[in-house]
Number of protein chains: 2
Amino acid sequence: MTETSDALKFRRAAVIGIGLIGASLAHAMRAGGLAERIAGFDLDADVRARALSLGVVDETAESFAEAVKGADLVILSTPVGAIDSLCAEAHAHAENGALVVDTGSVKGAVAEAARRVRREVLFVPCHPVAGTEQSGPEAGFATLFRQRWCILTPLDRTDEAYRAAVEKAAALWRAVGSHVEVMDAAHHDLALAITSHLPHLIAFTLVGAADDLESVAEAEIVKYSAGGFRDFTRIAASDPIMWRDVFLHNREAVLEVLGRFTEELALLQRAIRWGDGETLKKVFTRGRAIRRAIVAAGQETDAPNFGRDKKDA
Amino acid sequence: MTETSDALKFRRAAVIGIGLIGASLAHAMRAGGLAERIAGFDLDADVRARALSLGVVDETAESFAEAVKGADLVILSTPVGAIDSLCAEAHAHAENGALVVDTGSVKGAVAEAARRVRREVLFVPCHPVAGTEQSGPEAGFATLFRQRWCILTPLDRTDEAYRAAVEKAAALWRAVGSHVEVMDAAHHDLALAITSHLPHLIAFTLVGAADDLESVAEAEIVKYSAGGFRDFTRIAASDPIMWRDVFLHNREAVLEVLGRFTEELALLQRAIRWGDGETLKKVFTRGRAIRRAIVAAGQETDAPNFGRDKKDA
């Protein structure tokens, strides 16, 4: 993968689904001069209008077919539940030789759906591991993907055109600042189940459990949230539809890592019940090492409290 | 509680346990001119030496007794497991009329231990709901308590001297920038179990479960941690001894809220297994409202990703 970003220029990019990810990629491509023209389509007419007036896209289309007409790059950046119908649309309407990438957080289901797309359309499943808790075209920004990893899970094809398409997809992500990793879809779905899907499930669960605790008022939960709770509310504020679709489409891997989590939780529950301080201390001591590694890898700030309290100084 | 911080000035404050909280309170008191002299004691001689050379305290003592001699304010800022022996020390050595505050995250156990302290010593249990994931005297900073809540759980005493001591403790916390709330210890322990103790337990558990998953390498967990996992590592990097002691001393409330959490988790697990998107969406939709309330209450930043990624821009 030696192609440099200088060589990368698409004539027309079509962004399908103009939310946080689609809008950020459009901004990043514009900033990098990676496309002559960026068209956008979203099922929500209001989103289309906002994306256009924000300058996220150069033009909007009234349909998938209209958006991808003449496009040599198609970006599918919708919740993953739409992937079947998007693949049917790509099969019917995408140009021969077009590179199609998706940005879904689940990849096994995408590989399944990609069977609907004819071979002349070059579909490379991608997952940029980046995001914020905000949604919609207004939430997009050009540097979202910088220093983050993007995982490619190419389809089971060895033809030259497809291999070139994988190279080009990798070059696109590198051009917007990401590191690129290639792996198979099943391994992706397990690795992301533990690093992303389970954390979101746990955060949603904790917020729900707090909401249900009649004996502690919501006002108190808000007041004392700096004790730890507020950290969980960030990812629990993520887009509900996107996350519903993730769990519906990565069931097996999520249930597998959830099983590990509940085993570990049962161990700690037992240690609390029986006053076993040694076990608690042993488990609690593991946290610092992995955080240090994450900071060292440039994936996290080393400022206390994420640096969020600097305004207080 | 009308006393202003202008009127508040201690002759000698003794900080017992010079970690993040003790050092921060010393810095804040110095910044506010709240004490003529600040003495420090820590069981760890190295911590004592560092605290002195950092200027956290004006002097260090070789024992609890030496530190509190002549002190009209004693601050117990150790892990809560030390509270029994600290109360025995305070009983034996604190001056008559001295105000003693602790800073522990659990208050029922503190009230129990406070029975060991003679009535002439005025012990007001306190919990400043503030902190970072860092430890030791180097981690302390003067603004840690600003805009945070401090909860007072006064003992069951109605004498005038004690009521005045409660007023003075409240004035101290206000003078370092906190809002003050008064409640009974049992309610405190339940409210903090959900807003602080359970979130920490869950974070420690998730990091432990990730560590145990042989099929996903630690390097991958680090790389893809921006998908959500990294948020949990912040509080999982907190002091293991402090947190061991919290769980050993707030067992009932933690097990109660943990029960609620596992019920909610079982509900979501079942929804995932059976493809029940409606239930998932319903639970996931609750997160945004509570986060908005926390941001509105000044307890959280509204910047995406806690603002931690600004350096990337």
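A salt bridge is a side-chain nitrogen of Lys or Arg within 4 Å of a carboxyl oxygen of Asp or Glu. Arg163(A) and Glu160(A) fit that rule, with N and O 2.9 Å apart. This is a predicted model, and the predictor gives the complex an ipTM of 0.92 and a pTM of 0.92. Chain A has an average pLDDT of 94, and 97% of its residues score at least 70. Residues 1-5 of chain A fall below a pLDDT of 50, yet this stretch has 12 contacts in the model beyond near neighbours in sequence.

**How the two chains fit together**

- Chain B can be laid on chain A by a turn of 180 degrees and a shift of 0.0 Å along the axis, with an RMSD of 0.0 Å. The two copies are therefore related as by a two-fold rotation axis.
- Chain B gives 110 residues to the contact, and chain A gives 110 residues.
- In chain B, 100% of the interface residues are also interface residues in chain A, so the copies meet through the same surface.
- About 10,600 Å² is buried between chain B and chain A, and carbon and sulfur atoms give 65% of this area.
- The interface of chain B and chain A holds 10 salt bridges. One of the pairs between the chains is Arg308(B) with Glu300(A), whose closest N and O atoms are 2.8 Å apart.
- Arg308(B) and Glu300(A) also belong to a network of salt bridges, together with Glu133(A), Arg234(A), Arg291(A) and Asp231(B).

**Buried parts**

- The largest nonpolar core has 226 residues. Met29(A), Phe261(A), Met29(B) and Phe261(B) touch the most other members.
- Beyond residues up to four places away in sequence, Met29(B) touches residues including Phe10(B), Leu34(B), Ile75(B) and Val176(B).
- Helix α9 of chain B (residues 229-236) is mostly covered, with eight of its eight residues buried. Among them are the charged Arg230(B), Asp231(B) and Arg234(B).
- Both chains help to cover α9(B). The cover includes α7, α9, α12 and α13 of chain A, and α7 and α8 of chain B.
- Ala51(B) lies in helix α2 of chain B. Ala51(B) has a relative accessible area of 0%, so it is buried. Not counting residues up to four places away, Ala51(B) touches Ile18(B), Val56(B), Val57(B) and Pro137(B).

**A loop residue**

- Ala142(A) sits in the loop between β7 and β8 of chain A. Its relative accessible area is 28%, so Ala142(A) is partly exposed.
- Ala142(A) and Arg30(A) are 112 residues apart in sequence, and their C-alpha atoms are 8.4 Å apart.
- Leaving aside neighbours within four places, Ala142(A) contacts Ser24(A), His27(A), Ala28(A) and Ala31(A).

**Salt bridges within a chain**

- The structure holds 50 salt bridges over all chains.
- Arg163(A) and Glu160(A) are three residues apart in helix α6 of chain A, so about one helical turn separates them. Arg163(A) is partly exposed at 47%, while Glu160(A) counts as exposed at 53%.
- Arg116(B) pairs with Asp84(B), the closest N and O atoms being 3.8 Å apart. This pair links distant parts of the chain: Arg116(B) is in the loop between α5 and β6, and Asp84(B) is in helix α4.
- Arg286(B) meets Glu264(B) at 3.4 Å, N to O. Arg286(B) is in the loop between α12 and α13 of chain B, and Glu264(B) is in helix α11, 22 residues apart. Arg286(B) is partly exposed at 24%, whereas Glu264(B) is buried at 7%.

Notes. Residues numbered from 1 in each chain as written. Chains lettered and ligands numbered in written order. Predicted model: local features only at pLDDT ≥ 70, side-chain atom pairs only at ≥ 80, totals over all residues. Heavy atoms only, no water. pLDDT = per-residue confidence, 0-100. Contact = heavy atoms within 4.5 Å. Core = buried A, V, L, I, M, F, W, Y, C linked by side-chain atoms within 4.5 Å. Buried < 20%, exposed > 50% of the residue type's maximum accessible area, 1.4 Å probe, protein only. Helix = DSSP H or I, 4+ residues; strand = E, 2+ residues; numbered from the N terminus. Least-squares fit on C-alpha atoms with pLDDT ≥ 70 in both. Buried area = accessible area lost by both parts, 1.4 Å probe.
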